[in-house]
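User: I'd like a close look at the salt bridges in this model. Could you walk me through a few of the pairs and how open to solvent their partners are?

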Amino acid sequence: MTSPNESSAFAEDTHAGAATFYGPRFQNNPEAVYRELRREHGTVAPVLLEGGVPAWCVLGYREVHHVTSNPDLFGRDSRRWNGWDAVPHDWSLRPYVEPQPSVVFTEGEDHRKRGGALAEALADVDEFDLRSQVEQICDGLIDGFAGRGEADLIAEYTHQIPLLALLKIYGLPDDEAPTLVRDVALSAEEGDEAVRAHERVVARMLALAREKRENPGRDVPSFLQAHPVGFTDEEIATDLFITMGAGYLTTSDWMGNTIRLMLTDERFAVTLAGGRRSVGQALNEVLWEDTPTQNFVGRWATQDTRLGGKRIRKGDLVVLGLAAANTDPQVRPDSYAGAAGNQAHLSFSHGEHGCPFPAQEIARIITTTGIEVLLDRLPDVALAVAPEALVWRPSVWMRGLTTLPVTFTWY
């Protein structure tokens, strides 16, 4: 074991002059930050996360693929971290890296068993029922603002749909949506309130797990309760939170970013009013160009190694730069033309700790249905402000708009 003093000294040595990987400069033009890091450090850059916490950001496509393909070399168990002494007690990312009874932090056979059970639970969701439920959700939301001829599609539409759909998948009542929307969104931000919001959502998931043990239904927590793996209530609660947090915000931003693209890019303008074919193209392009999950914390080196020409020490924290990898100039497809049918992006990460395929399919159904219903109901929807006036949410980890004001004709 390395002593705290040795750990801190190493971080100071290897991270001298490291870029601060947080703050407002990421908000409007994160790609400029990634270009700067590439220019100065190559495909792996020393960075300081919020609170001055040292880490390595993996910017290269091949390097991210290597890290995610080698769990024996880059583990997911955060107890390996050699930098816990540098982490502030109120660090907003603590809930996402602190050891907890979640499948996310398991490794090896334990992860394969628990991760497989969670994937089975999500695969058990009836896709036809889900699509029908999402259509009803979308129609209800549009009915609420259609008569005004204007709306904020983030607050009134894209931020509502995924969570309302997840509530049904989890067997939760719709009236809990406002509180969960607020707390799940807050948990992805920075500061003390993010930590408290995380605690509130996990507490609700724990209560749900206990409720489903007593009164099971056709839903994800009940499926996990009955699975032979033998989950505890605490494990189910943590996994439900991770799934909700990952699924809700990323799906919401995927939908919002795609609608923005279709409303601001002339390539989609011609087919906007009925171009269902173009919805899939726009969704895929967003995964390459404006992926909802920009960066992901994290992996921890299980031994001393080298990556992208940098010496990575055992226990070092590695951040997956998914957005940077997708725009890696050495491997990315030709902009627009090559991305149309190319699914090789890393927006869902990769490897055994990547987003399970059933979860990807659920997200795709929700986003596709949400956009198609919007275009069917409001075919002349148009952006109400100049594209450059749109504001991105201030987050290093997620990429999404704060608002998306539109106008339309109510028929």
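Analyst: Happy to. Keep in mind that this is a predicted model, and that a search of the whole structure turns up 27 salt bridges. Here are a few of them, one by one.

Let's start inside a helix. Glu-109 and Arg-112 form a salt bridge, with 3.3 Å between the closest N and O atoms. Both residues sit in helix H6, which covers residues 108-123, and because they are three residues apart there, about one helical turn separates them. As for solvent, Glu-109 is partly exposed at 44% relative accessibility, and Arg-112 is partly exposed too, with a relative accessible area of 46%.

Next up is the pair Arg-182 and Asp-183, whose side chains meet in a salt bridge at 3.1 Å, N to O. The two partners don't fall in one class here. Arg-182 has 44% relative accessibility and counts as partly exposed, whereas Asp-183 comes out at 3%. Buried means under 20% relative accessible area, so Asp-183 counts as buried.

This pair also has company. Arg-182 and Asp-183 belong to a network of salt bridges that links them with Glu-193, Arg-196 and Arg-200. If you're looking at Asp-183 on screen, it's worth bringing up the other members of that network, Arg-182, Glu-193, Arg-196 and Arg-200, alongside it.

Then there's Asp-233 with Arg-213, a salt bridge whose closest N and O atoms are 2.8 Å apart. This one ties together distant parts of the chain: Asp-233 lies in helix H13 (residues 233-264) and Arg-213 in helix H11 (residues 192-214), 20 residues apart. Its acidic partner, Asp-233, is buried, at 14% relative accessibility. Arg-213, on the other hand, is partly exposed at 41%.

What do these pairs have in common on the chemistry side? Side chains of opposite charge can pair when their charged atoms come close. Where the partners sit is another matter: Glu-109 and Arg-112 are both in helix H6, while Asp-233 and Arg-213 bring in helices H13 and H11.

To recap the solvent side: on the acidic partners, Glu-109 is partly exposed, while Asp-183 is buried and Asp-233 is buried. On the arginine side, Arg-112 is partly exposed, and so are Arg-182 and Arg-213.

Definitions and conventions: Residues are numbered from 1 along each chain as its sequence is written. This is a predicted model: local features need pLDDT of at least 70, side-chain atom pairs count only at pLDDT 80 or more; totals for chains, interfaces and linings use all residues. Side-chain values use heavy atoms; hydrogens and water are left out. A salt bridge is a side-chain nitrogen of Lys or Arg within 4 Å of a carboxyl oxygen of Asp or Glu. Helices (H or I, at least four residues) and strands (E, at least two) are DSSP runs, numbered from the N terminus. Buried means under 20% relative accessible area, exposed over 50%, partly exposed in between (1.4 Å probe, protein chains only).
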